[in-house]
Structures are given as C-alpha cells and as structure tokens.
Amino acid sequence: MLLATSKSKSPLIVYLLTSIFFLLVCAAPLPAQVESKANDLLRQMTLEEKVGQLSQMPGFPVPEFMQQNGITPEDAVRKYGAGSVLWVSDPKQINRWQHIAVDESRLHIPIIFGLDVIHGYHTIFPDPLAMASSWDPKMVEAAQSVAAREARAAGITWTFGPMVDIARDARWGRMMEGAGEDPYLGAAMARAQVLGFQGAQLGGPDHVLASVKHFAGYGAAEGGRDYDASYVPEELMWNVYLPPFKAAVDAGVGTVMSAYMDLNDVPASGNRWLLHDVLRNAWHFKGFVVSDANAVHSLITHGYARDGADAAYKAFTAGVNMDMASGTYLKFLPQEVRAGRISMQQIDDAVRPILEAKIRLGLFENPYVDVSKIDRVLNDPQSQQSARVAVQRSVILLRNEGNVLPLNKSNIKSIAVIGPLGDATTDLLSMWGALAKPGPTVSILQGIKEKVGNGVQVEFAHGPNLWREIPSFFENIPGFAIKAQPKQSAEEAKRAIDDAVALARQSDVAILVLGEIDLMSGEAASRSSLKLSGGQQELLEAVVATGKPVVLVLVNGRPLEISWAAEHVPAILEAWYPGSQGGNGIADILFGDANPAGHLPVSWPRTAGSAPVYYNHNLTQAPEDAPGFKSRYWDIVSTPLFPFGYGLSYTSFSYDNLRVSQPVAKIGTNIEVSVDVTNTGTRSGDAVVQLYIHQRAGSASRPVRQLEGFQRVTLAAGEKQTLHFTLGKNELQFWSPASKQWVVEPEQFDVWAGGDSTAKLHGEFRLVN
Ligand code: NOJ
C-alpha cells in the first residue's frame with residue numbers, strides 16, 4: 001500500500017512519510033511513560049487485583065486449593081485479572097483467555113502467555129547444547145529470533161529461556177538445555193539468546209519476553225540427580241555458575257526464573273541472597289522474577305516453609321514477583337498484607353515490573369493473536385533453511401580415522417541406516433521441541449535418501465527399541481508429543497540386532513544412529529549410567545564386526561559412554577538433538593556438502609563414574625602431567641575422552657605465532673593477544689580459535705585453564721588469518737574468596753591459543769600495580 005501510493009510523490013516526501021510511519025508504529029514508549037502508565041494502573045488496583053498480576057495461572061489441571069475453593073483459573077482471571085497464563089498455546093484458546101482478561105476483568109489488563117520455546121516453536125532448531133557447539137553466537141541469536149517470531153505470531157509472548165545453567169555432570173538430564181560447562185562460552189550464548197528472543201530492546205515487533213533460568217546453581221545437583229540439592233561455595237557461584245546469568249541481565253533480559261533446588265540449604269525460590277543481594281543489589285536487575293512451576297508451594301515440600309502462608313511470605317520477601325502456577329500467592333498474599341507482614345508498597349514494587357513488561361510488549365494495544373497471519377509466519381521456507389544451516393554449524397566430528405567421511409556418493413551403491421534413532425522424527429526435537437508446535441521433521445533416514453537420490457539403495461534396520469527403565473511423568477502431560485518405544489524381550493532385541501547385521505553385510509557402508517530418545521534427556525531425565533542403553537552397544541559391536549565401513553551418528557542430550565566406539569568405529573558425529581532439519585543437515589555433513597566445525601561445549605567423560613568432569617579445574621598438588629600422577633583413578637585415566645573445545649574438520653588447521661602486546665603491563669591496561677591460524681588442508685572450512693589463560697599464583701588457586709576468548713572463522717584451503725583477542729578487566733578478574741570481591745591481581749599469567757582446551761601454543765605476561 002505504502003509503496004503503491006508513494007510512487008507519485010517526490011523521494012523526499014516518501015522518505016519523510018515512511019520515517020513518520022515507522023516512528024509511529026515502531027517507537028517504543030519511553031521508560032518514564034512506561035512507569036507512569038504502570039503507576040496509574042497500580043493506583044486503581046485492589047489488593048486482590050495486584051496479587052492476580054503476581055500470579056501465573058496454570059493452563060492445565062488446576063492446583064488443589066483452587067479445586068477446594070471451587071475457583072477455576074478462568075474465574076480468577078475474570079475476578080482479579082492475571083499476570084500470566086502457563087502452557088496455553090492453541091491460538092484460539094489464547095484469544096479466549098485474553099478476552100476474559102481484557103473484556104471481563106475490571107481493569108482490562110491483558111495476560112502474558114508463557115511457554116517453553118527453548119529452541120524453536122514450529123521450526124525446531126538444534127537443542128541449546130548443540131547450538132553452543134557451533135561457537136557461533138550470531139547464528140544462535142538469529143535462530144532464537146526465528147523462534148521468537150514464530151511464537152509471537154501464534155500468541156506466545158513469553159518464553160522460558162534461555163536456560164544457562166552450567167552443567168559439569170553429564171548424568172544430569174538438563175545438560176542439553178544449556179550451553180555446557182563453561183562460564184565464558186555460557187555467557188556468550190546467554191547474551192545471544194536474549195538478543196534473539198527479545199531483540200535489542202524489549203518490546204520490538206516479532207519478539208518475545210525472555211526468562212533466563214534457573215537462577216541459580218541448578219546444574220550442580222548432587223549426583224547429577226535432577227531437583228536434588230546443590231552445594232556451591234560462594235566463589236564458585238560468582239566465578240562459574242553466575243556469569244551466564246549476569247550476561248543475560250546485562251543484555252536486558254526481562255525476567256529471571258528462580259530454580260527448584262536447595263542452594264546451600266536454602267531453596268533457590270526462597271533465597272534472598274540470590275534474588276535480592278545478587279540480582280537486585282549487585283546487578284541492578286529491573287525486570288521481574290518468576291518462580292519455577294509450583295516452586296512457591298514446594299517451599300513447604302522442601303521443609304523450608306511451614307505452610308502456604310509461610311511459603312508465600314518467604315518466596316515473596318526473598319524476591320519472587322510471580323508465582324508460577326501454584327496458586328499460593330493468590331490464596332495467601334492478601335492475608336499477609338492484611339496482617340501487616342508485607343506492606344502495600346512491597347506489593348506495588350513487585351507488580352510494577354510485570355505491568356511494565358506488558359506495556360513494553362505492546363499488549364495493551366494488541367492483546368490478541370491475528371490467526372490469519374500465523375501460517376504465513378510458520379511456513380516461511382527461510383526458517384527451515386536457517387535451521388538446516390544451524391545443524392551444519394552445530395554437528396561435531398569426533399573421529400574420522402582414514403577419512404571415512406565425507407562419504408562419496410559416486411563410490412557407494414548401497415547404504416544401511418541402522419538404529420533406533422535412524423528413522424526418528426519427534427525424538428530429534430528433544431522434549432521441549434516436542435512441547436512447542438513442531439512442524440514436519442526430516443529424519444536422518446529421509447535426509448540421507450534425499451541426498452543420495454535414486455542411484456543409491458538406502459535400507460533401514462531399526463535395531464532394538466529404546467525406552468526408559470522408569471517412565472517419565474512428562475509422558476502423561478497433555479501437549480507433549482513424546483512417547484517411548486515399546487519394551488522388548490531379550491529375544492526380540494536379539495532378532496532386531498541380527499536383522500541389522502544382515503542388512504549391514506549386504507551394504508557398502510553402515511550408518512548407525514544411536515543415542516537417546518527425547519525422554520532420556522531433559523527435565524527429570526537424569527541417568528546413573530551413560531552407556532548406550534537398550535542393546536545399542538551390542539548392535540554397534542555386531543555391525544562393526546561385519547568389517548563394513550561404519551559411521552556412528554549420535555543423537556542425544558549429553559555425552560555418552562563411547563570409549564569402545566572411540567577405538568573401533570572410524571567415524572563418529574555428534575548431532576545432539578538436531579531439530580526439524582536434523583536429517584538434512586546431517587546428510588549435508590555426511591556427504592561433504594558442509595564441513596563440520598562444531599566443537600565440544602563440555603568435556604567428554606569416559607564413564608559416568610568420573611563425573612563431574614570439567615577442564616577448568618584447579619591445578620592441585622599433583623597435576624595430571626606430573627611424574628607418577630598419570631591419573632586420579634587406578635582403572636582409567638582421569639582426563640576426558642575428548643577435551644572441552646574439541647572438534648575435527650574435513651580440513652586441518654595450524655596455529656602459530658602467538659604474540660602478546662606487553663610482557664609486563666599495569667593492571668587496568670588491556671593485553672592484546674594475536675595468533676595466526678592457517679587452513680593446512682585442501683578444502684575450505686571453519687576454525688574455532690580458542691584463547692585460554694591461567695593465573696600462576698594469587699590470593700586463591702586458579703583454574704588450570706580458563707576460556708577467555710574465541711572466534712569462529714572461515715578459511716579457504718591454504719588461507720592464513722591473524723586473529724586478535726583483548727584481555728581486559730572482565731577476562732582477567734576473578735571473585736576472590738580471600739577478599740570476597742572481584743580482583744585483578746599483580747601476577748604472572750599464561751596464555752594459550754588453539755583448537756581446543758589442550759592447545760599447546762603458549763605465551764605469557766605479567767600484571768603489575
Ligand atoms: C519446569 C521447568 O523446570 C522449567 O524449566 C520450565 O520453564 C517450567 N517447568 C515451565 O514449563
């Protein structure tokens with residue numbers, strides 16, 4: 001329209017009209033306007049209406065007390081309004097709920113609809129651990145902006161991501177939702193995801209409100225058992241577990257989700273140190289805190305709160321603004337205020353950021369979903385293409401003996417695709433991908449078939465089924481499109497292995513797709529063993545014994561125990577949960593249309609018994625390279641199977657000429673480090689150049705190495721580039737347990753650059769006062 005009418009006008013007028021149009025449509029309200037509108041509303045609100053805003057209503061079977069009182073969540077919205085509604089994702093239902101809030105509640109305050117859009121809404125991207133493996137924050141930002149656009153078009157205005165919990169123990173099922181073990185990489189991924197979800201400023205069109213979670217220390221669950229207590233000393237909180245959250249806050253994240261577990265004996269959702277001292281006082285966070293689901297009520301279950309009133313009081317005064325779906329605030333906060341234990345000023349201060357978020361999101365002007373636009377946004381082919389590229393950039397080549405990969409179509413007549421994940425679709429999405437509204441998914445079998453075309457015969461053998469020994473409660477939650485494969489007897493599993501072996505024997509190459517179905521990783525999916533379960537190891541060994549060339553593709557949410565494979569299977573690709581375009585992206589890598597450059601965001605353990613394993617541990621009195629101290633264990637070496645940062649390519653790289661700007665520098669000046677990276681192979685590829693430092697002495701023992709910079713660069717065959725890194729205050733400081741503050745110390749430092757955390761290329765410098 002605008003373009004058609006503008007043709008007759010002069011360019012200047014067109015320019016001015018267009019600028020005015022965009023200013024009017026896109027101009028975000030100023031902070032003062034937002035605050036004053038929120039205050040206007042607060043002045044008109046009753047106590048119950050305010051508490052309604054502090055409550056997220058469940059869009060699923062209602063909490064017990066609501067049933068007892070005969071109130072449905074919808075009645076509650078009608079009577080008091082609501083801050084948010086959880087897990088209602090059908091656009092028609094969203095509009096129905098929104099009409100109740102906007103038309104039937106006294107003050108017409110719209111609802112924010114929240115859903116776990118963790119790595120895609122309709123177009124499912126690789127899971128967050130996979131995207132972190134790309135070491136490509138720009139790609140991750142773009143992926144999450146597609147997720148935001150799709151979710152927003154369908155009426156979701158709030159995602160419960162990014163999940164930025166540091167995970168050092170692969171037994172913990174939720175490792176796949178985060179960026180792995182490293183605070184620096186984790187912070188980069190946190191920042192990228194917040195920008196992707198929210199845009200540069202909260203309230204941009206096609207974006208949603210983000211919620212960084214789970215604040216904080218959830219990944220340190222004892223024994224890797226989901227929900228179990230975490231004991232994390234303060235120095236480890238500041239230096240390792242908190243930096244990704246800080247990065248999200250600095251990137252403007254609008255909300256923070258408190259975690260479930262006890263942190264140092266105080267449940268995170270009632271932990272004032274976390275929610276007030278760190279988040280508000282130290283970091284000046286201005287948005288709002290939502291509890292995890294039912295976590296306010298769970299303060300009673302934890303044995304921390306006496307009863308519902310005490311739980312509401314403890315969570316609220318610790319700093320939780322919004323109660324996710326437990327109904328505890330709705331029932332008990334008003335009486336806490338009437339009894340004088342909580343002041344109206346405190347309530348207003350908690351409600352204000354929620355109202356401000358709604359104003360910024362433009363919900364007062366546009367509360368409803370435009371159902372007619374949804375399909376166009378969800379079916380944008382560009383999104384599928386971006387997801388495919390994301391797979392190509394995330395997959396990690398762990399082994400490639402004798403250059404088995406890439407496969408050459410013209411030399412192959414027949415391929416056996418084998419394994420319980422070979423034809424999987426939903427299982428490529430992870431449990432959260434399956435909760436959103438996933439579109440069609442390309443299985444690995446399908447991706448390979450499409451890649452090789454009719455000239456090559458591609459046959460599939462499923463092998464034995466995969467299931468959890470103890471079923472997941474998510475299987476019973478409506479909305480989750482996930483289910484385990486049926487249990488099999490030992491004879492059935494054996495027959496399935498025999499069939500697969502027969503197929504391998506008659507094929508030129510076998511591609512095994514093994515790992516974990518979606519229910520085996522994610523929430524409530526911790527494992528005591530990291531073995532390839534359900535007969536997969538037997539299947540793998542039997543197929544390798546045929547003598548055919550074997551490629552192992554792993555689909556899983558965490559590193560698995562693959563020491564045998566790492567010795568006997570020539571080619572291993574780690575795909576994690578690759579999402580809707582998994583099959584195509586993996587086929588691109590298998591056949592060399594894309595060159596893998598993913599690198600591990602976690603250290604790969606040899607066995608579950610070595611957990612936690614992470615590269616940035618302290619030196620100790622017996623470093624692993626000291627004579628006589630080869631291992632901490634008597635039965636295996638204590639180094640990981642593959643180090644943090646590791647990943648191969650179809651080409652090779654060399655790292656040379658590390659230069660440090662000043663061998664001695666005053667604290668406060670930046671140290672510039674440069675390094676040459678050369679593609680020494682015969683094809684173009686991406687190098688992920690990593691910079692590590694170590695402080696040799698100081699007020700505390702410092703990690704043997706810490707990542708403090710990385711760059712992913714594309715190099716043509718033979719090309720050399722010089723990369724520059726800056727080590728400033730942020731990179732050189734640490735939180736010292738001696739002084740209980742951030743310090744940069746006058747000490748000697750080592751610096752290494754290379755392709756993983758064992759990089760050899762070394763330099764050093766000294767900081768002085
Ligand atoms: C519980 C999970 O811990 C959290 O990550 C999620 O966002 C909420 N449920 C809501 O689905």
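Trainee: What makes β18-β26-β25-β20-β21 an open sheet of five strands with mixed pairing?

Mentor: The order β18-β26-β25-β20-β21 ends in two edge strands, β18 (664-666) and β21 (706-715), each pairing on one side only. Strands here are DSSP runs (E, at least two residues), numbered from the N terminus. This is a predicted model, where local features need pLDDT of at least 70, side-chain atom pairs count only at pLDDT 80 or more, and totals for chains, interfaces and linings use all residues. Residues are numbered from 1 along each chain as its sequence is written, and side-chain values use heavy atoms, with hydrogens and water left out.

Trainee: How do you know that β18 pairs with β26?

Mentor: Two strands pair if DSSP finds at least two bridges between them. Three bridges join β18 to β26 (residues 761-768), so the criterion is met, and the two run parallel. In β26, Arg766 is the bridge partner of Val664.

Trainee: Why is the approach of Asp116 to the ligand called a polar contact?

Mentor: A polar contact is a pair of N or O atoms within 3.5 Å. An N or O atom in the side chain of Asp116 is 2.4 Å from an oxygen atom of the ligand, so the pair qualifies. The side chain of His214 has an N or O atom 2.6 Å from a ligand oxygen, and for a polar side-chain atom of Asp292 the distance is 2.5 Å.

Trainee: What share of the ligand's accessible area does the protein cover?

Mentor: The protein covers 97% of the 300 Å² that the ligand has on its own, by the Shrake-Rupley method with a 1.4 Å probe.

Definitions and conventions
Polar contact = N/O pair within 3.5 Å; in protein donor to acceptor, adjacent residues only side chain to side chain. Helix = DSSP H or I, 4+ residues; strand = E, 2+ residues; numbered from the N terminus.
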